[in-house]
Amino acid sequence: MTRQLPAIDTLVEPDRVHKSVYVDPGLFELEMDRIFGRAWIYVGHESQIPNVGDYHQALIGREAVVMVRGDDGKPHVLFNRCPHKGAKLLAQPCGNAGRFLRCPFHGWNFRCDGRLLSVPAREGYEDTRFDLRDPAFSVRRVPRQQSYRGFVFASLAEDGPSLEEFLGGIRLTLDNFCDRAPEGEVEVAGGVFRVWQRSNWKIFFENLNDTSHPMVTHESAVNAARAEYQHRGDGGQMPFQLHIIEGNGEPYDFWGALEMVAYDRGHSYMGAIFTPPTDPVSLGHQAALEAVHGPEKAHEILSVQRHNSIIYPSCAPHTSFQQLRVIRPIAVDRTLVEIYTFRLKGAPEDYFQRSITYANIVNSPSSNVMPDDIEVYARVQEGLATDGGDWVSLHREAGREQGDGNGRYTGGGLSELPMRNQFRAWAEYMGEEA
Amino acid sequence: MSATATMSPADILAAVTAFLFEEAALLDQRRWFDWLELFTPDGMYWAPLRPDQPDPINHVSLFYEDAMMREVRARRLEEKRAWSQQPQVHAARIVGNIRLGTATVPGETVVHSTFLMAESRLSLPQRLLSGFYTHRLLPRGDGFAIVEKRIDLIDSEEVHATLEAFL
Ligand code: FES
Ligand SMILES: [Fe+2]
């Protein structure tokens, strides 16, 4: 069945987008080809596979891949498919495959870098076109893979910008993520939350830098946290857990004082002014950084304040709570979000433990904050499917952003600049024929 | 000396069974604030993400709540603008296979049980949640108080839609 897709250049305007980008299954399939088939997509972190044979599964668009630690000590990103008859080689989200990958169907064995090692009853292949050394009989590798400070990305396109060029100005977020560790390295720790959203993946990406929603969407959680604080009634400092929830209730002025910074290719972040910490947990971390770098350099590292950076179209690091959200589109109206917490090597344990508390409060499927997000995304998805209107508005502070002529754009803290920026990238990816 | 010390195992089993059924009814009736009363002041409510998870401090949990955070959840569920509770979620659960476990803290009674729970909201397909409860109880009045309620969902490590109400 072929169906006419709307022309891409009619869907995105500088200050509005057509609803079909969220609801049209044909456009979703085209996104898989033209965006997820081209961009650098986050696969996983090298610390998730410390030993030979360790693996971690991921999705690049509709492609199931697996990142495996080879006996050369390097991570290899392979399609999760046996070259014999196609069986998926690994089924668990992560684990250890042993010294080689063994297909569960007919027992072909592969080295952890995907090369075919052996097939049973090999005589049967004599005088056939089968060749142990022919790459066609090895597990296929993704066309390109590259790591940046332990963060492994892959691209399904043979050609294109390097990872560093792709990241551009958002690269500093990953640098700062690692530099905040006294040893300059981070590792995934403490488990992963995986949550379903009943909505299009782009709705979540937009929300990551949407500062005009918290006070409205999260009213219930904010009220509950405030009431609980009153009820406890000691008038002292608000406990960390309540504070995290209550922060969503900050007024528009608070959010307006942030700075939105966007880069080409859809990346952006919310910037804040650094206020030196006063709580013992942050001070302990600061002291550990100072012990390694001295106060000046430590201050320089801590004063990079980038909340919810967006690495379009696959992940969103949050540097101050050491977490990375990974966004996997599953269908036009279904999205999988994974939330990883990282340990900063060399930082005090209670600093890591606080990021676990943060994840429990904000990112658990049982979060008091997130269900209202997920609910409003689903309502957008349902509302857009009606005939009630064709366009989605991105007008807030439209046209007021400042460009530096070098692919960096800034706007006010309440600006919808990040959304307009995402759709500019979207249209570029989507408009280009293969 | 605790009240359970003088009871026969069969009587204790009958008493904890009645307690678990009563607790399940409070939750199914969305009587959150009555349910909160069942806990000791330091009581914990914990649903680990992994069955073999050593602790709730160095690893994320599906729920890890003290009295304060349980109260926040109860309050939010009843807020007028809890958008995701429009309409409210409703649940019905069956608790069974109730067995007495081995207490490691003197005076406590440990109870293992299995639960099956259906949850419904909107016209979404009903969700089946199931797993194991472990209650650590202390005698209080005619009944018990919860020192810890641990929930091990059989699919704790899978992808979840939101879990808003208490399990
Ligand atoms: S499908 Fe893998 S060995 Fe046959
Ligand atoms: Fe939100």
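A salt bridge here is a side-chain nitrogen of Lys or Arg within 4 Å of a carboxyl oxygen of Asp or Glu. Arg81(B) and Glu219(A) make one, with their closest N and O atoms 3.1 Å apart. Bear in mind that this is a predicted model.

That pair belongs to a broader interface. Between chain A and chain B the count is five salt bridges, and 25 residue pairs are in polar contact across the interface, both residues at pLDDT 80 or more. On the chain A side, H7(A) gives the largest share, 10 residues. Other elements that give two or more residues there include strand S13 (186–197) and helix H13 (370–384) of chain A. By class, the chain A side has 21 nonpolar, 13 polar and nine charged residues.

As for extent, 43 residues of chain A touch 36 residues of chain B. The two chains bury about 3300 Å² between them, 55% of it on carbon and sulfur atoms. Arg194(A), Ser366(A) and Asn368(A) supply 17% of the area chain A buries against chain B, more than any other three residues.

Now for the empty space: there are three cavities of 30 Å³ or more. Here are two of them.

| Cavity | Volume | Largest share of lining | Lining classes |
|---|---|---|---|
| Largest | about 60 Å³ | S3(B), three residues | seven nonpolar, one polar, four charged residues |
| Second largest | about 40 Å³ | H12(A), three residues | five nonpolar, one polar, two charged residues |

Trp32(B), His90(B) and Glu119(B) are among the residues lining the largest cavity. Around the second largest, the lining includes Arg343(A), Glu349(A) and Tyr351(A), with S19 and H12 of chain A each supplying at least two residues.

Note on methods. Residues numbered from 1 in each chain as written. Chains lettered and ligands numbered in written order. Predicted model: local features only at pLDDT ≥ 70, side-chain atom pairs only at ≥ 80, totals over all residues. Heavy atoms only, no water. Contact = heavy atoms within 4.5 Å. Buried area = accessible area lost by both parts, 1.4 Å probe. Polar contact = N/O pair within 3.5 Å; in protein donor to acceptor, adjacent residues only side chain to side chain. Nonpolar A, V, L, I, M, F, W, Y, C, P; charged D, E, K, R; others polar. 1 Å grid on protein atoms, 1.4 Å probe; cavity = no way out; pocket = protein on both sides within 12 Å on 5 of 7 lines; lining within 4 Å. Points joined across faces, edges and corners; volume = space filled by probe spheres on them.
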